[in-house]
Amino acid sequence: MAAPALVSGPAAGNPATVVRARGFGKRYRGRNAVEGLDLEIHAGELFGLIGPDGAGKSSLIKSIAGVLRFEAGSLEVFGVPLLSDDACERIKDRIGFMPQGLGQNLYPELTVEENIDFFARLRLVPHSALAQRKAELLAITRLAPFTGRAMKHLSGGMKQKLGLVCTLIHEPRLVILDEPTTGVDPVSRRDFWLILGRLLRERNISALVSTAYMDEASSFHRVGLMFGGRLLAAGQPGEIRALAQGALVSVEAGAEVGQQAAALAQLRARFAQVDALGSAIRVFVDQGDDIQAADMVRQALPALPPQAVAAVEPELEDIFVALLRQRGLARPAQDRTSPPPARRQDADAPAIEAHELTRDFGAFRAADRVSFNVRGGQVFGLLGANGAGKSTVIKMLTGILQPSAGSGRVAGADMRSAGFAIKERIGYMSQAFSLYLDLTVEENVRLYGGIYGLDRAAIRSRLQWISEVAELKGYERERAARLPMGLRQRLALGCALVHQPRVLFLDEPTSGVDPIGRRAFWDMLFHLSRFDGVAILVTTHYMSEAEHCDRLALMYAGRVVAEDSPSGMKNALERDCGMLLEINAPEPQAALLALQRNGFAAAALFGNRIRIQSRQAEADSARLPELLRQAGQPGVTVVRRAPSMEDVFVQRVTALEAAELNARKTAR
Amino acid sequence: MNITRINAVAYKEWREIVRDRLFFTLAFVVPAALTLLFGYGLSLDVEHIPLAIIDYDHSALSREYAHRFSDSRYFDLKGYAASEREAGALLTAGTVRAVLLIPEHFGQRLQSGRAAEVQTLIDGTFPFRAQTAKGYVTAINAAFSLGVLADYLAQARGLSPADAQRALQTLRVEVRYLYNQSVKSVWSIAPKLLMAIMMMSPPFLTALGIVREKESGSIFNIYASTVSRGEFLIGKLLPYLAISSLNVLVLWALACFLFGAPFKGDPLFFFAAAVLYVGCTTGIGLLVSAAVRTQVAAMMGTMILTVVPAVLYSGILIPIPSLSAAASVIAHLLPGMYFADIVTGSFLKGVGLAELWPQVLALATYAAALYVAGYLLFRKRTAS
Amino acid sequence: MKEPFSGQDWRLWLRRVGAMTRKELLQLLRDPVLLFVILYGFTADVYNAGSGVTLQLQHAAFAVHDLDRSAASRELAGRLLPPEFKPIGAITDARQGERLLDSGQALMVLSIPPQFGRDLAAGAPTAVQVQIDATNTALGFLAYSYTTQIFGQYAIEAGLRNQGLSPTALDSLARVDNRQRVWFNPNQDDGWFMSISELLNVITAFAILLPAAFMVREKERGTIEQLLVSPLTPFQVMAPKVLAMTLVIHIGILICLFGILEPVFHVPIKGSLTLFALVTTLYVVNLSGLGLFIATVTRNLAQAAMMGILVLAPMMFLSGIWTPPEAMPIVARALMYISPLYYYMNASYGILLKGAGLRTIAPSILGILLLGGAVCGFGLWRFRRQFD
């Protein structure tokens with residue numbers, strides 16, 4: 001059904017092949033998880049497998065690591081064909097494997113050091129070498145101060161780094177990491193990629209890493225895109241971007257809610273891939289270059305001023321969705337042609353008012369005087385690293401947790417005195433989706449209908465509405481466990497909406513959902529907020545999702561440290577820290593060193609590209625190629641990149657961490 | 001086989017067990033607590049059976065007859081009932097478990113040299129207790145009857161009462177209770193408790209320990225490393241074997257010193273056999289863990305496989321010869337029965353390897369079969 | 001919660017509890033492992049317990065060391081008859097007897113002295129020795145009891161013969177004939193006792209473990225969060241779990257009574273089933289408090305099951321099923337009187353085997369109410385506290 005996979009040939013200078021798959025296939029109970037997959041990974045390469053949940057990444061990765069049997073095709077690792085259990089044993093001394101699940105391969109009761117020692121002894125690392133390696137790895141990962149701490153008391157990011165140390169302690173030639181960054185906040189994630197990249201370079205190790213985050217693609221040398229058990233394409237990130245025909249166009253349809261909705265409907269009639277993103281609309285135009293694409297969009301929206309429409313650089317996620325669509329693997333987003341009658345009687349009235357909300361757990365202050373307001377019809381995003389206090393705030397507002405101080409009103413009721421009144425008026429969806437997986441779609445809806453006291457007739461009509469809006473038609477009698485993640489997520493949202501709440505709380509609602517499912521989900525949220533006037537408070541680790549929000553609050557150590565619109569936050573970042581410049585050099589390693597020697601100490605490598613921040617963007621863009629040429633690095637190009645929400649997040653949080661560290665030092 | 005790797009796995013497992021309070025409690029406190037509880041609480045002696053008496057006769061002889069019952073330690077007189085109806089209600093309510101009914105003319109008939117009939121109503125709800133009660137009644141009645149008969153004979157034949165008694169009692173039955181002279185049930189139970197508890201606890205610990213690693217995903221460290229199947233299984237099981245062997249010592253000490261059960265056998269032989277037995281039951285846990293994926297399934301599996309048989313079929317509450325044919329087959333398939341022989345042999349009989357080698361051989365075969373099966377079922381590459 | 005209940009509120013309340021109960025039952029139906037365990041408990045487990053075991057002295061093996069070899073000695077040994085006894089042959093020396101006892105091949109060795117027959121005929125005192133393996137106290141006692149009874153009878157007959165009286169004259173002589181009648185289980189069929197006791201144990205286990213499992217499962221899967229933010233009160237979350245468990249147990253009891261107890265073991269169900277159902281409902285609802293307590297202190301199903309076993313094992317052993325409270329040491333007896341199962345056991349045997357009515361079992365019901373109420377109240381209190 002799919003077009004033949006496009007696999008780029010081995011890059012020059014990388015002749016040795018570490019992994020070779022030919023016609024690889026894996027079957028579970030008669031269902032193909034992976035089929036007909038060809039792949040090569042070269043020595044010294046950081047190869048990324050990207051794809052949604054259930055694409056077959058884990059099956060492939062486990063088979064290569066020699067821990068999963070497979071049915072079809074051949075696999076060769078270090079030239080050893082993996083034909084039997086015994087053959088697999090022959091490669092395991094050169095392999096380091098980290099299975100999926102944050103810290104799942106570690107032992108929670110053991111300390112950091114005991115964990116490392118266990119892996120070292122299991123791998124027969126000699127005593128003499130162990131001390132030195134351990135010291136080095138602990139220093140790089142900055143885990144040295146915590147060697148005596150039990151693993152279960154580490155933060156998510158630290159667990160992940162400890163997992164990496166344990167995987168590398170026997171100096172494998174190939175490390176295999178299965179979704180190492182899932183569930184980790186952006187700062188820790190970026191830190192992880194930098195450390196991994198450095199270790200691979202210094203030790204000349206090859207790596208095979210899978211991820212569900214499309215935006216991490218730029219960290220890899222080469223990327224394989226997987227979908228539905230097949231490898232759609234493999235190549236350098238740049239090559240992958242070029243695979244999908246067309247260009248991405250951004251439209252600012254106007255501040256009025258009606259304007260944006262009208263533009264959305266008009267665009268959906270003409271183009272296949274149209275999504276609302278906060279106050280903007282993104283259109284993927286399948287033909288033409290940037291200029292032609294922008295013109296086509298302008299023609300579709302003659303009422304708009306021309307400057308409201310501009311071509312923008314597509315994210316890999318846009319490319320991925322376009323690629324799937326162009327190859328007929330995914331349905332385009334449907335237009336909800338009949339928006340429900342506007343119900344915006346009190347749309348602009350404040351729906352959530354948090355005033356100086358504080359919560360202490362013993363001596364620890366989880367939330368510190370948190371204040372913000374969310375109006376009806378607004379999508380409000382709460383961002384922050386693991387443990388920043390987001391969940392505490394949501395728990396207080398939903399009435400699960402009593403605040404230690406402060407006050408708040410939710411859906412017009414005081415949260416201290418009218419707990420039950422609030423509970424009847426809000427919807428809540430957690431990252432676990434809170435569905436009863438052993439019940440069917442219909443039974444889940446009926447259950448929540450009953451819990452909220454709806455009568456039979458009301459439940460029937462809501463069931464109708466949910467299966468329509470969440471596109472669950474035909475799945476009513478299917479058990480929730482058998483639904484794909486995307487559908488499951490929309491069902492959970494449907495259940496949270498069964499009693500037509502005026503305020504909706506979403507706690508990391510999209511973990512584990514693939515990009516296409518995520519788009520459909522956000523489309524639903526867009527309609528809820530714009531047409532039904534529902535106020536939505538959402539937390540997420542996916543910074544690309546933060547872009548969907550009307551307003552954002554960034555939390556750090558229990559406090560709200562910034563509150564603005566996404567574009568406001570990006571502008572503030574450029575104002576405070578300068579522009580983001582991306583440098584493409586033929587020899588990125590050497591170029592990086594040259595830059596660092598020439599006053600750009602903060603320059604960092606992302607995959608094959610170097611990034612720096614510059615306060616004189618114009619001047620630097622002009623002078624950098626020359627500077628590098630003099631340093632022996634000709635042929636360099638420099639482009640200005642708009643900062644992403646992730647850049648904002650990482651920059652802000654890193655600065656706050658540094659400030660805190662300084663404050664502690666001076667206090668001493 | 002590489003000692004360092006076995007060591008690494010064993011040491012890691014040990015640290016984990018020690019740090020997990022719930023697990024640690026389960027491993028040491030529960031067996032000892034269960035022994036204490038059952039050792040003190042599980043007395044199978046049937047004494048102080050609550051008794052009601054209906055005496056329609058009200059003669060000196062009927063009172064004497066009744067006293068024979070109420071004065072024995074086997075019966076506790078709860079009171080006299082006026083009618084059978086009343087006594088029946090007491091029996092139904094469970095207030096008394098036996099009723100002695102002495103009819104009218106009881107004394108008169110005996111004095112006139114005729115046989116008198118009395119009735120005992122026994123609550124059969126608990127058949128074993130009813131059996132025992134019947135035995136007591138028969139014995140007390142026989143003693144009384146003999147006295148009456150002797151009196152009558154003395155009168156009729158002009159013998160002295162003592163001679164008459166002797167004439168009827170020429171046969172003495174000398175009973176020697178072997179191995180357990182005072183027939184204290186705690187003696188016979190404490191050693192078997194050791195067997196039963198060591199049947200339940202090691203499989204639980206082992207199955208949960210291995211399946212926990214499967215469930216959390218850390219088993220992939222093992223799959224993906226160079227450690228061999230044998231090394232992993234040995235390293236993984238060693239701590240559990242050690243804990244269980246230590247428990248054997250603890251329970252042994254409890255049985256000997258707290259319950260005062262005599263230990264007559266060879267300690268060395270006994271502990272060697274106990275380690276072999278613990279190896280067997282640990283192996284059951286290994287087998288269960290190979291077959292299931294979740295901790296809950298592991299719990300249920302070991303429960304059905306070990307707890308129920310440990311209680312019912314291992315001879316602790318019910319002697320093996322009393323089992324039905326099917327149950328007896330099941331009993332022979334489990335290691336508990338063989339070790340029960342070794343325990344009672346070592347504790348009460350003082351016999352050793354010379355007598356018990358068939359049991360030891362059975363345990364060894366059992367252990368070998370379990371470990372080979374566990375080894376074959378454990379694969380470093382999974383199918384899914 | 002404070003507002004007064006109007007009719008509308010009642011309907012709302014019923015809708016909520018109804019939806020939740022339906023959910024619990026649906027979830028149970030979709031859990032094959034749990035369903036299997038429940039079915040196993042109410043059928044195979046009860047069957048095993050009832051059929052596998054008999055506590056009567058059957059085929060007790062004995063060897064005879066006969067130094068007399070007279071007609072009298074042969075008759076004496078011949079009085080030990082099946083089904084209680086089973087002769088395994090004659091032995092020639094004492095050592096051999098010891099070996100048979102050591103190895104467990106014989107339960108009893110009977111030694112008859114030389115000149116036994118002559119002494120008996122002459123009315124001279126003589127003694128036979130019986131060695132009994134008492135490692136199993138219960139069996140040893142029964143063997144002793146039967147043997148002395150049989151030999152005593154034999155001795156009296158011999159004595160009478162010496163006095164010139166025929167043994168058949170015994171009936172017309174002065175003696176007490178104690179006719180024993182065993183009520184409620186005339187043949188002392190162990191199957192009746194064992195199967196009912198196992199049924200009670202199974203009911204107890206599920207009454208504690210099922211609500212705990214339902215609750216912990218919500219915790220483990222994170223669905224409890226969703227219930228916490230919903231307008232359900234703690235009681236509305238808990239009550240459906242108890243309701244579902246009660247329903248399941250009643251169905252299990254019906255299956256067990258009419259699928260196993262009656263057809264297989266021919267247990268006469270004498271009393272009122274309605275009364276039994278009522279007492280059972282009272283018992284399991286009260287006991288579920290213990291399960292909910294377990295759910296509040298554990299984090300996953302495995303832990304809950306472990307805790308459950310820790311609670312269940314003493315409860316079952318101290319229920320009076322195995323051990324009569326009268327014969328227990330004072331501490332254990334006190335513990336028995338605080339085990340709700342003790343009262344439930346008395347009430348159940350009363351209803352099922354004895355046909356007892358409400359009046360007769362009232363004290364047991366009171367015991368269940370008082371103890372169970374305390375347990376249930378404690379569980380509810382812990383459960384509510386967890387919500388805050």
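In the predicted model, V19(A) stands opposite I41(A), a residue of strand 3 of chain A. The partner strands are strand 2 (residues 17-28) and strand 3 (residues 31-42) of chain A. They pair in the antiparallel sense, over 8 bridges. A hairpin joins strand 2 and strand 3 of chain A, with 2 residues between them. R29(A) sits in this turn and has a positive phi of about 45°. In a regular strand, side chains alternate between the two faces of the sheet.

Chain A also contains helix 5, which covers residues 156-168. This helix has 13 residues. From its first C-alpha to its last, helix 5 of chain A reaches 19 Å, close to the 18 Å expected at 1.5 Å a residue. Helix 5 of chain A is mostly covered, with 13 of its 13 residues buried. An α-helix has 3.6 residues a turn, so residues three or four places apart point the same way.

Chains B and C meet at an interface. Here 99 residues of chain C are in contact with 102 residues of chain B. On the side of chain C that touches chain B, helix 6 (residues 137-162) of chain C gives the most, with 19 residues. By class, that side of chain C has 52 nonpolar, 35 polar and 12 charged residues.

Strand pairing also links these two chains. Strand 4 (residues 115-123) of chain B pairs with strand 5 (residues 175-183) of chain C. The sense is parallel, and the pairing runs over 9 bridges. Within it, V118(B) stands opposite N178(C) of strand 5 of chain C.

Definitions and conventions. Residues numbered from 1 in each chain as written. Chains lettered and ligands numbered in written order. Predicted model: local features only at pLDDT ≥ 70, side-chain atom pairs only at ≥ 80, totals over all residues. Pairing = 2+ DSSP bridges. Helix = DSSP H or I, 4+ residues; strand = E, 2+ residues; numbered from the N terminus. Expected span 1.5 Å × (residues − 1). Buried ≥ 20, exposed ≤ 12 C-beta atoms within 10 Å, placed from the backbone. Contact = placed C-beta atoms within 7 Å. Nonpolar A, V, L, I, M, F, W, Y, C, P; charged D, E, K, R; others polar.
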